[in-house]
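Colleague: Got a minute to walk me through this one? I'd like to start with a single residue and then look at a sheet.

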Amino acid sequence: MCRLSAITSSDYFSPMENIHALETMKEGHDGSGLGLMLKDLGGPFAEFKSFPVLSAVCSNKGLRDLEEYMKAHGFKEKFTWAPSIKNVPGIERREHYIAKVYDYPESYRDKPMGEKEDLLMNTRLALRCMGEPDGSLFVFSFYPDVLTLKEVGDPLQVGEFFGLEKSDVKSKVVLAQGRQNTNYAIYLYACHPFFIQGYGTMTNGENTAFVPIREFLMGRGNPGYMGYNSDSEVFTHIMHYTNRTLGYPLPYYKDIITPMKDSEIAGRSDAPALKLLKKSLRPLCIDGPNCVIGFTPDGTVFMVQDSKKLRPGIVGGKTGKYALMSEVCGVDSAVPDRDKSTDIFPMKYDMVIIAPGAREVKVWNQLHG
Amino acid sequence: MESAARLDQNHQLSIKEFPYIIKWREDRCTRCGRCTAVCPVKAIEPAVNTQRTVTSEGSSPEPKVTRRLTHVVKQSMEIERYCIGCGSCALVCPTEAIFPEYNFQHKFYHFKNKGGIPYMRGGRRNDPSVSTLDKLKFTRISMLTDPALDAGRHEFRIRTLLGRNLPAEHLPIRVEGGKLITIPGSFVPPVREIYPIRIGSMSIGALSPHMWEGLAMGITYLNEVEGLPVVMCSGEGGLPPSILKSRYLKYFIIQIASGYFGWDEIIRALPDMIEDPCAIEIKYGQGAKPGDGGLLQAYKVLGLISKIRGVPQFIDLASPPTHQTKYSIEEAVAKMIQSMSMAWGFRVPVYPKISGTKTARAVLNNLARNPYAAALCIDGEDGGTGAAYNVSMDKMGHPIASNIRDCYLDLVKQGKQNELPLIAAGGVGKGGNLAANAAALIMLGASAVDIGKYIMQTAAGCFGDEYNRCNVCNLGKCPRGITTQDPKLYRRLDPDKVAERVVEVFKAADVELKKIFAPLGRSTELPIGMSDALGVADKDIADRLSISYVC
Ligand code: SF4
Ligand code: SF4
């Protein structure tokens with residue numbers, strides 16, 4: 001079972017805090033990989049808030065291809081950041097780990113955000129297609145104010161490998177996953193967190209309904225609904241589909257992945273609409289076991305459980321800083337000086353929502369809507 | 001040796017030509033006559049044999065001939081009176097003196113076309129081999145990486161949707177105050193939540209009144225007492241007025257077929273209906289006899305049936321192979337769906353049923369574009385029938401597994417797999433594995449399955465099988481009283497017992513479905529299209545169905 005560690009804060013903090021939290025939950029992961037997704041970036045990225053950041057791992061050839069492609073498509077490079085790699089035994093170093101900040105092509109500068117987002121996604125997909133066959137280029141995210149780092153290995157060692165302890169890269173939201181490998185070969189595109197157009201999620205569990213969900217998403221006509229090297233990638237896409245494409249408010253995500261019984265729906269004020277959703281989005285029901293943690297484009301962070309709550313998950317913290325973790329020891333590590341009596345263990349009907357700024361935690365209950 | 005030309009019996013059939021050979025034990029038989037009386041086809045008769053005995057007493061041979069008359073049970077050698085192997089004789093025999101034995105070497109088909117009339121019968125395809133459905137197994141078992149569910153402890157929701165599901169993009173809803181609200185006045189197609197195993201179309205003329213009543217009572221009990229929303233289809237030929245005007249109508253799917261039998265009554269009852277039917281099924285084809293219309297032979301067109309169907313007694317009721325008033329698929333499907341929908345004010349799902357065919361995808365694609373089409377039911381070659389030519393049953397049709405799979409994957413390509421439910425029929429439970437066959441079809445892409453022969457066998461003890469046992473459903477001579485309109489025969493069948501078995505069968509299948517779904521980790525929604533759970537030890541089948549090959 002993988003371990004999840006997310007922190008949302010009003011101040012910038014280092015992703016090492018997440019990694020230390022993962023370290024406390026060590027029994028739960030086998031050190032087979034670390035995925036970090038940072039949102040609301042500080043440090044060297046602070047001045048580029050509105051410009052998209054491309055996060056990639058590549059070989060020399062991949063880097064050349066990437067740069068050529070971006071140039072040919074009118075993207076202007078504004079800044080490049082690369083972690084200062086420190087060789088660590090057991091971690092096989094690839095040629096480049098980069099995060100490049102670009103300015104949009106001329107023709108897109110005044111376009112609405114929606115169109116820009118489509119351009120960014122299509123660019124990411126094109127680069128992925130170029131680099132996937134020979135493994136020369138992996139692109140994880142391309143979006144303003146979001147940075148992704150992934151590598152195979154023990155989380156603490158990967159943090160050391162990326163030199164994060166001393167790095168000036170900070171952010172206000174971090175998703176981190178310590179991987180428990182369930183497939184022998186570890187493929188970077190199969191590592192959480194997953195990203196699409198401002199939405200990032202990571203999951204702990206096994207998605208038994210993966211195939212029907214994948215087939216349903218792939219039929220939505222969105223080229224971004226692809227990949228699926230991990231059965232958990234669908235959780236990111238379901239969030240994107242319901243919140244962005246269909247325009248449903250955030251809590252409906254819970255209603256879609258874990259629909260209630262008709263008798264329960266009847267108690268909700270929006271029952272007529274819910275009944276329709278339950279039928280039309282029936283293939284997106286997950287059946288569990290899963291705990292999903294993620295963020296939306298505005299920086300809201302959430303946690304939801306499957307309908308039987310078959311996975312652990314806890315939220316705790318204090319005003320200005322909250323941790324959403326698989327286990328309580330992770331929260332203890334991230335926010336030790338909190339009032340533990342206010343810790344929240346989201347149950348099967350709950351969706352925990354923390355707005356940007358981490359002022360307070362809201363527990364939305366599916367029964368009451 | 002006598003020349004063959006003069007052999008008196010030369011133009012008669014020998015016992016070895018017959019599919020069933022009666023084994024009768026003279027030593028056990030008490031000559032009660034029950035077997036010959038019960039035989040539905042007069043294949044056996046009492047006969048008198050002379051027995052010549054030569055005895056000799058004393059020390060030197062003094063042969064003495066005595067002739068004795070004995071009563072025997074004799075099997076007829078007339079092809080019209082061939083033993084159908086039903087076993088009724090064995091059933092009634094008090095001393096186990098008689099039973100039919102299947103003859104693998106029979107040449108029955110060579111001769112059963114007397115008078116230039118091809119062999120007609122009821123039943124199913126005579127293919128006793130293991131069906132594709134029975135070869136499929138469930139190979140994705142949740143082990144350690146995720147906790148498997150407990151069929152006895154966790155809550156399961158085994159339900160399916162019958163009706164056109166709007167794509168989410170077209171739902172009449174909008175956001176108001178952070179909540180979704182429905183936009184009043186917009187049309188949302190009717191969708192029913194039903195149990196994924198249905199009792200498929202069997203008409204109230206094909207079935208006896210007692211059989212029909214038993215099924216109807218069974219599903220009503222399942223709905224009202226057990227909470228299992230099992231529905232059944234009327235078949236062509238209407239419904240009794242007592243059902244049409246009752247609150248139970250909601251458990252029935254009314255079928256309209258090319259003969260429109262029974263529809264006068266239905267239309268007349270419309271103003272008095274207090275419930276809508278579950279759905280309307282438009283029959284374009286039947287898996288057991290593709291290309292043929294419905295057929296109710298004169299033997300079965302008696303009192304009640306002639307009344308419900310609005311026809312005279314004792315005439316063959318043949319429905320044309322196609323709906324005669326329509327000349328193209330667009331016409332047929334679109335107009336029929338439209339008119340049926342209108343009759344119930346667009347409150348009832350209307351869908352077509354076709355026989356399994358290579359052209360199913362063309363029909364499907366037409367339906368996918370028709371926003372009023374509520375589903376597509378495909379009836380595979382292993383479906384049953386009350387009456388058809390043997391050649392249609394044995395040699396025509398398309399297996400259901402690949403037909404359903406192709407159609408489902410076509411819908412997936414269009415992103416419409418949740419909009420248009422597929423219903424699979426034909427051979428479900430053929431080998432007795434109802435839940436496993438249903439689950440396999442669901443994982444291949446079906447939203448629901450239909451059963452027919454299976455429920456006749458399990459609930460009423462139908463003798464029929466794939467060795468052509470019995471299968472005289474067309475003649476009105478059903479020895480079990482299932483498919484006959486002869487009161488002397490159907491009085492044998494107790495509707496209460498049938499209903500009881502229907503309930504037992506569905507309750508057991510429900511437990512088995514949970515047993516299958518739980519280890520796959522599915523409990524809330526039906527695993528429609530969850531093909532990664534299936535495996536088969538036959539590479540060709542695996543490739544054809546796009547599932548994994550296991551060995
Ligand atoms: S098996 Fe059936 S058809 Fe054959 S002799 Fe017995 S009762 Fe008659
Ligand atoms: S028992 Fe009745 S229904 Fe069954 S095969 Fe014989 S005639 Fe047909």
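Modeller: Sure. Strands here are DSSP runs of at least two residues, numbered from the N terminus. Keep in mind that this is a predicted model.

Colleague: In which strand of chain B is the place of Tyr351(B)?

Modeller: Look at residues 350–355 of chain B, a run that takes in Tyr351(B). That run is strand S17.

Colleague: Is Tyr351(B) buried or exposed?

Modeller: The cut-off for buried is under 20% relative accessible area. Tyr351(B) has 0% relative accessibility, so Tyr351(B) counts as buried.

Colleague: With which side chain does the side chain of Tyr351(B) make a polar contact?

Modeller: Leaving out residues up to four places away in sequence, Tyr351(B) touches several others, among them Leu162(B), Arg198(B), Ile253(B) and Cys377(B). The polar contact, at 3.0 Å, is between the side chain of Tyr351(B) and that of Arg198(B).

Colleague: Over to chain A: which strands stand at the edges of the six-strand sheet?

Modeller: The order in this open, antiparallel sheet is S9-S10-S11-S12-S15-S16. An edge strand has a single partner, so one of its sides is left without a neighbour in the sheet. That fits strands S9 (194–196) and S16 (361–365) of chain A.

Colleague: And which residue in S15(A) stands opposite Val304(A)?

Modeller: Strand S12 (residues 301–305) and strand S15 (residues 350–354) of chain A pair in the antiparallel sense over four bridges. Opposite Val304(A), in S15(A), stands Met351(A).

How values were computed. Residues numbered from 1 in each chain as written. Chains lettered and ligands numbered in written order. Predicted model: local features only at pLDDT ≥ 70, side-chain atom pairs only at ≥ 80, totals over all residues. Heavy atoms only, no water. Buried < 20%, exposed > 50% of the residue type's maximum accessible area, 1.4 Å probe, protein only. Contact = heavy atoms within 4.5 Å. Polar contact = N/O pair within 3.5 Å; in protein donor to acceptor, adjacent residues only side chain to side chain. Pairing = 2+ DSSP bridges.
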